[in-house]
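Open the model in a viewer with the cartoon shown and selections by residue number ready. The stops below say what to select and what to look for there.

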Amino acid sequence: MTERFAAALAWADELHRSQFRKGGKTPYVSHLLRVAGLALEFGADEETAIAALLHDAVEDQGGLETADEIERRFGKRVRKLVCDCSDSMTGRACPKKPWRERKEKYLKHLNVASARARLISLCDKIDNLTSIVRDVEQYGLAVFDRFHGGLDGTVWYYEEVVRILTGHKMSGVAELERLLSRLKELIRSWQAREEDQNESPQPKGQPGYALLGLGSNRGDRRKYLAAARVLLEKTPGIVIRQFSSLYETLPQGGPAQQRNYYNATALVETTLTPRELLAATQNVEAQLHRKRTVHWGPRTIDVDILLYNDLEVNEPDLIVPHPRWSEREFVLVPAVETLWRELVQSQ
């Protein structure tokens, strides 16, 4: 790669610096890097990789004025590739046309676009669909509220992209097809649960008991655990009956050289269903700046549902009892203390 690619990367970062991925605070440049990286893995030359970095610049950051600047900096071929990957070139001053109209026009053009433009589109759609699948796994069908096409429109669009790219026998389209199949599977799973009026055996509004596990190994660990306790106490529908002592434990799995954890458990009385309680614990984590960037990595706070009455829940983002909770000393020791305190005080 030459200095032209480095210049494109720096400019892409500048253009999209205030832009974030849908539904979060992930810098948008992360998407551009992944698309360019995938394009290179599929054999793209430098010019195509530059266009991959800039593939959303015209659509999101200035329309034809930005296209002219791309041509000035990187040439007509890069401009053409970027424009071929854009479904709108109106710029900031003019509103975009309706979503369905734009997508239908884009799909029609994709079928006759150059192989290099189709490669960028494939990489773009692989990364986008990867993010959608991950979010639907975690948050359910509410994810589609972020998209102009909603659930049905989003599925239709990706079905059409897969159909067109498959017709051109593109290498890598199998991964896009796999992701789309996974998305449809998740949609069916969530729809089945929503149709079941008895999604949770715990009737809403009826008190239940849950055992929560808390942990922290970043920053002021005691402060984060104390703040989590306060936030839980302030959550409507949650009453903390017992809160254990803090136990310092070694990290289990994840990156090397992590700090030790401080762990605790809390026994709560709640009128929330398990899924509502999950949302409440995730809200506590979000308020205390928990970021899920590294699997089993350091975190300011972790709040898990260990037990909920005698219920068993097995869903993509919620398993109760928590897997192997009774085999983990850093959970079991504070849990025993918490439950023992409740037993003694209730007699």
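Select helices α2 and α8 and look down on the place where they pass: the crossing is right-handed. This is a predicted model, and the geometry here is computed from it. α2 spans residues 29-41 and α8 spans residues 115-139. Their axes lie 9 Å apart, and the packing angle is about 130°. At that angle α2 counts as oblique to α8.

Now show side chains on both helices. From α2, the residues to display are H31, R34, V35, L38 and A39. Their partners in α8 are L119, I120, C123, D124, I126, D127, N128 and S131.

Keep α8 selected and drop α2. α8 has 25 residues, and from first C-alpha to last it reaches 36 Å, close to the 36 Å expected at 1.5 Å a residue. Is α8 enclosed or open to the outside? Of its 25 residues, 18 are buried, so α8 is largely enclosed by the rest of the structure. Step off its end to G140, which follows α8 and has a positive phi near 85°.

Next, select E101 in helix α7, which covers residues 99-110. E101 counts as partly exposed because its relative accessibility is 42%, between the 20% and 50% cut-offs. For a distance check, pick the C-alpha atoms of E101 and L122: the two residues are 21 apart in sequence and 20 Å apart in space.

Move to T154, in helix α9. With 5% relative accessibility, T154 counts as buried. Which residues does T154 touch, leaving out those up to four places away in sequence? Display W99, I132, F144, F147 and G149 around T154 to see these contacts.

Follow the chain past the end of α9, which runs over 150-167, into the loop that leads to α10 (173-195), and stop at K169. K169 is not a glycine, yet its phi is positive, about 55°. The side chain is easy to inspect from outside the model: K169 is exposed, with a relative accessible area of 73%.

A second residue of this kind is N309, whose phi is near 45°, again positive in a residue other than glycine. Find N309 in the loop between β5 (302-308) and β6 (313-315). N309 is partly exposed, at a relative accessible area of 33%.

From there go on to the bond between V320 and P321. This peptide bond is cis, with omega near -5°. P321 sits in the loop joining β7 (318-320) to α13 (329-346). For context on these three stops, most residues other than glycine have a negative phi, and most peptide bonds are trans.

Return to an earlier part of the chain and select α5 (residues 64-74) with α6 (residues 76-84). The axes of α5 and α6 come within 7 Å and cross at roughly 145°. The crossing of α5 past α6 is right-handed. On the α5 side, show L64, A67, D68, I70, E71 and F74; on the α6 side, show K76, V78, R79, V82 and C83, which they meet.

The last helix to select is α11, residues 221-234. α11 has 14 residues and reaches 20 Å between its first and last C-alpha, close to the 20 Å expected at 1.5 Å a residue. Colour its buried residues: R221, L225, A228, L231 and L232. They cover an arc of only 125° around the axis, which puts them on the same side of α11. An α-helix has 3.6 residues a turn, so residues three or four places apart point the same way.

What do the buried residues of α11 pack against? Add β1 (208-216), β2 (238-243), β3 (247-249), β4 (261-270) and α12 (274-287) to the view, as these are the elements they pack against. Then rotate to the face of α11 turned away from its buried side, where the exposed residues R222, K223 and K234 are carried.

Finally, zoom out to the whole chain. It has 13 helices and 7 strands. The C-alpha atoms fill a box of roughly 80 × 45 × 40 Å along the principal axes. Of the 347 residues in the chain, 48% are buried. Among contacts between residues at least 6 apart in sequence, 71% join residues at least 24 apart.

Methods. Residues numbered from 1 in each chain as written. Predicted model: local features only at pLDDT ≥ 70, side-chain atom pairs only at ≥ 80, totals over all residues. Heavy atoms only, no water. Helix = DSSP H or I, 4+ residues; strand = E, 2+ residues; numbered from the N terminus. Expected span 1.5 Å × (residues − 1). Buried < 20%, exposed > 50% of the residue type's maximum accessible area, 1.4 Å probe, protein only. Arc of directions from axis to C-beta. Contact = heavy atoms within 4.5 Å. Axes fitted to C-alpha atoms, helices over the stretch in contact; angles between N-to-C directions. Parallel < 35°, antiparallel > 145°, perpendicular 65-115°, else oblique. Left-handed = near helix turned anticlockwise from the far one by under 90°.
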